[in-house]
Amino acid sequence: MGRAFEFRKERKFKRWSKMSKVFTRLGKEIVTAVKVGGPDPDSNPKLRTVMQNAKGAAMPKDRIEAAIKRASNKDQSNYEEVVYEGYAPHGVAILVEASTDNINRTVANVRHYFTKGGGSLGTSGSVSFMFDHKAVFRFPIGEHDMEELELELIDFGLEDIDENEGEIFIYTEFEDFGNMQKALEDKNIEVTSGDFQRFPTTTVELTEEQEEEVNKMIERMEDDDDVNNVYHNIA
C-alpha cells in the first residue's frame, strides 16, 4: 500500500486529533450497530468492533455505555450510512462517507462544499471505481511473529500485512471483514481498531498550490459532523 497508506494514515491521525468529532462519529456508529444487532456485544460482532475502536480512540467508558443505552431507546433516530462522489478541481476524485439522520441536510452540505471548492458533486459510481475498498485491522505487534501470523491468517482473507511504529496492520477485502474479525478474536488478539478504508487505484499529480486548493475543500468536508471520511486520489 506504501505511499497511499502513509498519506491516509497521516490524514486519519490528524482527523482523529479532533477528539470531540471522533467521539460524535463513534457514538453514531454505536447507535447504528445497536439498532441492527442489539445492545449485547457478545452476540453483536459489529458492536464489538465499534467498542474496540472507541477504546482505541480513548473514548471514555461512560460515553460508550451512554451511547448504547441511548441507542436502545426506541425514540432514538437511526443513522443512515451514505456515500457521495464527485470531483475537486484539477481532476481529483473525491469520495465522501457520511452517516446522517437527515439525508437532505447532508447532501445539501456536501454539494455546497464541492461547489464552493470549485468542484462538482457526481452521481453514484462516478468515482468509486477508482478506489479499492479494504478492511483494515490494527493492533500492537507485541510478541507476534509477522511471517507466522501471515501464514495463519491467509485462509481468512489476508491480502497484506504491514508493521509500522510498533503496530501491525492487516488488510483484507471488504467482504472478508467478518472472517478476519473472528479469526483475530479466536487467536485472542485484542484489536485496537477495525474499520474500512478506500485506497486509490490511480493517482493524479498536483502542484503545491493546486494541492493546497483541494485540501481546503477536503478540510471543510471533514469538519462537517455528518462526514466520517473523505478519500481522494492525489499522489
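## Overall fold

The protein chain folds into 8 helices and 8 strands. The model is predicted. Its C-alpha trace spans about 50 × 50 × 30 Å along the principal axes. The radius of gyration is 18 Å, which agrees with the value near 18 Å for a compact globule of 235 residues.

Of the 235 residues, 47% count as buried. Long-range pairing is marked: among contacts between residues at least 6 apart in sequence, 71% join residues at least 24 apart.

## Surface and charge

The protein chain exposes about 12000 Å². Carbon and sulfur atoms supply 48% of that area. The charged side chains number 30 positive and 46 negative. The centres of these two sets lie 8 Å apart.

## The annotated domain

An unreviewed UniProt entry places the feature "domain: TACO1/YebC-like second and third" at residues 79–234. Over this stretch the chain is 30% helix and 36% strand. The end C-alpha atoms of the stretch are 30 Å apart.

## Strand S4: Lys134 and Asp132

Strand S4 covers residues 131–140 and holds Lys134. Is this lysine buried or exposed? Lys134 counts as buried because its relative accessibility is 8%, and the cut-off for buried is under 20%. Leaving aside neighbours within four places in sequence, Lys134 is in contact with Glu159, Thr172, Glu173, Phe174, Asp195, Phe196, Gln197 and Phe199. Glu175 is 41 residues from Lys134 in sequence, yet the two C-alpha atoms are 8.4 Å apart.

Asp132 also has its place in strand S4. Asp132 is partly exposed, with a relative accessible area of 37%. Beyond its neighbours within four places in sequence, Asp132 is in contact with Gln197, Arg198, Phe199 and Thr201. Thr201 is 69 residues from Asp132 in sequence; C-alpha to C-alpha, the pair is 6.6 Å apart. Gln197 and Phe199 appear among the contacts of Lys134 and among those of Asp132.

## Helix H2: Val31

Helix H2 runs over residues 19–37 and includes Val31. Val31 is buried, with a relative accessible area of 0%. Which residues does Val31 contact, leaving aside its neighbours within four places in sequence? They are Ala67, Arg70, Ala71, Gln76, Ser77, Asn78 and Tyr79. Asn73 is 42 residues from Val31 in sequence and 9.8 Å from it in space, C-alpha to C-alpha.

One of these contacts, Tyr79, falls at the start of the annotated range 79–234.

## Two loops with positive phi

Most residues other than glycine have a negative phi. His90 has a positive one, near 70 degrees. Where is His90? His90 lies in the loop between strand S1 (80–87) and strand S2 (93–100). His90 is partly exposed, with a relative accessible area of 37%.

Glu165 also has a positive phi, near 50 degrees. Glu165 is found in the loop between strand S5 (158–164) and strand S6 (167–173). The relative accessible area of Glu165 is 71%, so this residue is exposed. The strands beside this loop also supply partners for Lys134: Glu159 and Thr172 are among its contacts, with strand S5 at 158–164 and strand S6 at 167–173.

Notes: Residues numbered from 1 in each chain as written. Predicted model: local features only at pLDDT ≥ 70, side-chain atom pairs only at ≥ 80, totals over all residues. Heavy atoms only, no water. Helix = DSSP H or I, 4+ residues; strand = E, 2+ residues; numbered from the N terminus. Rg over C-alpha atoms; globule rule 2.2 N^0.38 Å. Buried < 20%, exposed > 50% of the residue type's maximum accessible area, 1.4 Å probe, protein only. Contact = heavy atoms within 4.5 Å. Areas by Shrake-Rupley, 256 points an atom, 1.4 Å probe, with all protein chains shown as cover. Lys, Arg positive; Asp, Glu negative; His and termini not counted. Charge placed at Lys NZ, Arg CZ, Asp CG, Glu CD. UniProt positions renumbered as here; feature names shortened; annotations may be inferred.
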